[in-house]
Amino acid sequence: MSSTEQKRTILVTGANRGIGFLIVKKLAKESPPNNTIILLGSRDLKRGEDALIQLGSPSNVHVLHLDTSSRESIIRAKDEVKQKYGGQLDVVINNAAITRKDLNVDAAREILGTNYYGVKILNEYLFPLMRENGRIINVSSRVGSNVLYEASQSLRQKYTTSTLTKYQLDQLVEEFISAIDTNTLEHLGYNIESADLIYGVSKAALNALTQLEAYEWSNNNSLLVVSVTPGYCATDMTGHAPDARPAELGADSILYMVNAPRSELRNGGFYRDGQQISLISARISR
Ligand SMILES: NC(=O)c1ccc[n+]([C@@H]2O[C@H](COP(=O)([O-])OP(=O)(O)OC[C@H]3O[C@@H](n4cnc5c(N)ncnc54)[C@H](OP(=O)(O)O)[C@@H]3O)[C@@H](O)[C@H]2O)c1
């Protein structure tokens, strides 16, 4: 059957470079071209097309123009999936993310706009397209667990309580941004010495969102929603740090979530290299 409607369709956001690119590369290699569509998400069309050329333009990979921080772009990309690729998705890998070193409201808006709100909004738009037994894989980081470990007990509790709602989670994120402006982060329970605080909060919020999405959508089509860290990897994001592991291993950690039997994975769980890990953990030595 050559119809796109029947093909296994996998979207990877932010896939023009870094770990996302390697995920697409590996998927393209392991997937039969006649029954798989891999959508290489890229916020810049030219960078996406260049990445496709770098892969040797395999017939099972297509560039999807998608800026995850823009609702307009998300809506356009969804329309494209419907019009050109059969309108159904089996796997969405929310890989796109950014970080910045500065601790100010601008940086917080930008980072949280992509790493938290971007994923949240994209998932809300794409959820209706998910096929039975589909998987939404939110790419997170242990920096999120570390920020919570170093936060006050009461703040930790707010991010991880089972009674948290999406509305309350947005409020936590907005209060964090306001507190940067008013210099009251410590009053809220954040530790301003935490490394990559804004990035960490964006990933802690993403882990909390993953649990909420898993709970909310678990009765629909047996959808699985998990978060996963690639581990500390040598990419542009980490300045290709010499002590970081190869980005291929990070891609494998994420691909495990695509390929592992459903019975091995807990809906809403946070994983690294196929093992479930804690939402709150001390900084690990590299
Ligand atoms: N590297 C690590 O050690 C590490 C550790 C833990 C977690 N992670 C997570 O792993 C994922 C991949 O990281 P990486 O190291 O591969 O990062 P990277 O090398 O910086 O690549 C990030 C990718 O995301 C894209 N992107 C950023 N903002 C976007 C947006 N608004 N819309 C669409 N695409 C966007 C970038 O596109 P442009 O080329 O257009 O900028 C790029 O393709 C991220 O979620 C990151 O937080 C990484």
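**A ligand and an open sheet in a predicted model**

Colleague: Which pocket is the space taken by the ligand?

Modeller: This is a predicted model, in which local features need pLDDT of at least 70, side-chain atom pairs count only at pLDDT 80 or more, and totals for chains, interfaces and linings use all residues. Residues are numbered from 1 along each chain as its sequence is written, and side-chain values use heavy atoms, without hydrogens and water. A pocket is an open set of points on a 1 Å grid where a 1.4 Å probe fits, with protein on both sides within 12 Å along at least five of seven lines. The ligand takes up the largest pocket.

Colleague: How many residues surround the ligand?

Modeller: The closest are R17, R43, Y199, C233 and T235. With a heavy atom within 4 Å as the limit, the number of surrounding residues is 30.

Colleague: Which residue has a polar side-chain atom 2.6 Å from an oxygen atom of the ligand?

Modeller: Polar contacts (N or O pairs within 3.5 Å) help to answer this. The side chain of D67 has an N or O atom 2.9 Å from a ligand nitrogen, and a polar backbone atom of N95 is 2.7 Å from a ligand oxygen. The side-chain atom at 2.6 Å from a ligand oxygen belongs to Y199.

Colleague: What percentage of the ligand's accessible area does the protein cover?

Modeller: On its own, the ligand has 910 Å² of accessible area (Shrake-Rupley, 1.4 Å probe). The share covered by the protein is 96%.

Colleague: Which strands stand at the edges of the sheet?

Modeller: Eight strands (DSSP E runs of at least two residues; paired by at least two bridges) form an open, mixed sheet in the order β3-β2-β1-β4-β5-β6-β7-β8. Each edge strand has a single partner, so one side of it is left without a neighbour in the sheet. The edge strands are β3 and β8.

Colleague: Which residue in β4 stands opposite L11?

Modeller: Strands β1 (residues 8–12) and β4 (residues 89–94) pair in the parallel sense over three bridges. Opposite L11, in β4, stands V92.

Terms used:
Polar contact = N/O pair within 3.5 Å; in protein donor to acceptor, adjacent residues only side chain to side chain. 1 Å grid on protein atoms, 1.4 Å probe; cavity = no way out; pocket = protein on both sides within 12 Å on 5 of 7 lines; lining within 4 Å. Sits in = over half its atoms within 2 Å of the grid points. Helix = DSSP H or I, 4+ residues; strand = E, 2+ residues; numbered from the N terminus.
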